[in-house]
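Q: Please take a close look at one strand of this model, following its partners and then the pocket that one of those partners helps to line. I would like the cut-offs stated as you go.

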Amino acid sequence: MFVNTDSKVIWKNGSFEKWEDASVHLLSHTMHYGTGVFEGVRAYKTDQGAAIFRLNDHTDRLFEAASKLSIEIPYSRDELNEVQKEIFKINNLEEGYLRPIVYLGSESLGIRATELSVNVAVAAWEWPSYMSPESKESGISVIKSSFDQYSNPLHSGYKIIGTYINSTMALHEAIQKGADEAILLDKNGYISEGSGENIFLIKDNKIFTPTINHCLNGITRKSVIEISIDMGFEVVEKDLTLDELFDADEAFFTGTAVEITPISKIDSKTIGMGSRGPITEKLQKTYNDIIFGKNKNYDRWLSLVSS
């Protein structure tokens with residue numbers, strides 16, 4: 001739930017608006033057809049002040065996603081990076097979440113999305129960890145979703161607004177069945193991802209994750225792969241089956257929201273010892289040291305808000 005919104009602003013099309021005044025026209029093309037892109041970005045409190053995690057990578061992906069929809073963002077990457085830093089300062093945040101979004105205007109309506117204005121907005125607010133501290137230790141339960149992941153390559157690589165209904169339905173189904181999250185399979189029956197997370201499993205001290213043919217090549221995913229290799233683990237990207245997940249020693253989700261969250265159970269089957277495993281714990285600790293600025297080997301991933 002949003003808090004303290006009376007003192008917050010949202011940047012839209014070059015100016016800052018009061019939180020409660022920021023609006024989108026009812027006939028925005030994006031409202032009706034999902035023609036837009038977004039990013040989910042987090043900043044953390046470090047000894048040097050608030051620092052945004054992998055800001056440049058998120059902004060680059062935003063632009064790449066827009067280009068896939070033939071949307072030309074009317075601002076440069078550097079301009080949007082500065083906006084994200086500035087709004088964090090204006091909203092007086094030490095840590096929190098950033099949501100850049102690109103959407104089309106309301107000049108006309110219909111499938112044809114030509115000659116429409118391109119609008120850009122950035123919001124920032126407090127958002128504690130998506131998963132509770134207890135979940136980060138004991139793990140979460142997941143189910144195999146009855147919804148398959150899209151095979152459209154646009155979905156698999158980018159955060160495009162119109163593609164997320166599948167994730168919403170999968171998560172709602174999981175919650176209705178008493179689970180915390182869902183696992184979606186691709187059209188060939190291989191593991192794709194969670195409703196909004198990438199997935200890793202560990203077997204015999206090797207770390208496995210689906211290839212990007214099956215899932216979003218998430219920025220946290222890429223970070224965890226690099227961290228794992230730096231720690232001396234072998235990381236294998238391959239087609240993964242549910243049976244391999246059932247047989248895993250450990251499993252965990254990664255993502256901007258969930259960070260690194262262990263999976264303790266899928267359907268009625270316990271994964272490993274039914275709680276966070278030792279390799280997952282090591283990765284969590286290293287990742288936390290990085291995002292909070294305590295591991296100088298990865299300082300390149302942090303953009304100080306006040307710099």
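A: What follows starts with the strand itself, goes on to its neighbours and ends with the pocket.

This is a predicted model, in which local features need pLDDT of at least 70 and side-chain atom pairs count only at pLDDT 80 or more, while totals for chains, interfaces and linings use all residues. Residues are numbered from 1 along each chain as its sequence is written, and side-chain values use heavy atoms, with hydrogens and water left out.

Strand β15 covers residues 259-266 (strands are DSSP runs of E with at least two residues, helices runs of H or I with at least four, numbered from the N terminus). Because 7 of its 8 residues are buried, β15 is largely enclosed by the rest of the structure (buried means under 20% relative accessible area with a 1.4 Å probe, protein chains only).

Three strands pair with β15, namely β8, β14 and β16 (pairing requires at least two DSSP bridges). With β8, residues 140-144, β15 runs parallel through 3 bridges, and I140 stands opposite I263 of β15. With β14 the direction is antiparallel and there are 4 bridges; here F253 faces T261 of β15, and the two strands form a hairpin with 3 residues between them. Strand β16, residues 269-270, is also antiparallel to β15, joined to it by 2 bridges, with I266 standing opposite K269. This second hairpin has 2 residues between β15 and β16, and D267 in its turn takes a positive phi of about 50°.

The partner β14 (250-255) also leads to the largest pocket, since it is among the elements that give two or more residues to the lining, together with β6 (96-104), α6 (165-176), β10 (191-194) and α7 (219-230). A pocket here is an open set of points on a 1 Å grid over the protein atoms alone, where a 1.4 Å probe fits, with protein on both sides within 12 Å along at least five of seven lines, and lining residues have an atom within 4 Å of a point. The largest pocket holds about 650 Å³ of space, and of its 34 lining residues K159, Y164, S195, G196 and E197 are the closest to its centre. Helix α6 gives the most to this lining, with 4 residues. By class, the lining has 12 nonpolar, 15 polar and 7 charged residues.

Key:
Grid points are joined across faces, edges and corners, and a volume is the space filled by probe spheres set on the points. Ala, Val, Leu, Ile, Met, Phe, Trp, Tyr, Cys and Pro count as nonpolar, Asp, Glu, Lys and Arg as charged, and the others, Gly among them, as polar. Buried means under 20% relative accessible area, exposed over 50%, partly exposed in between (1.4 Å probe, protein chains only).
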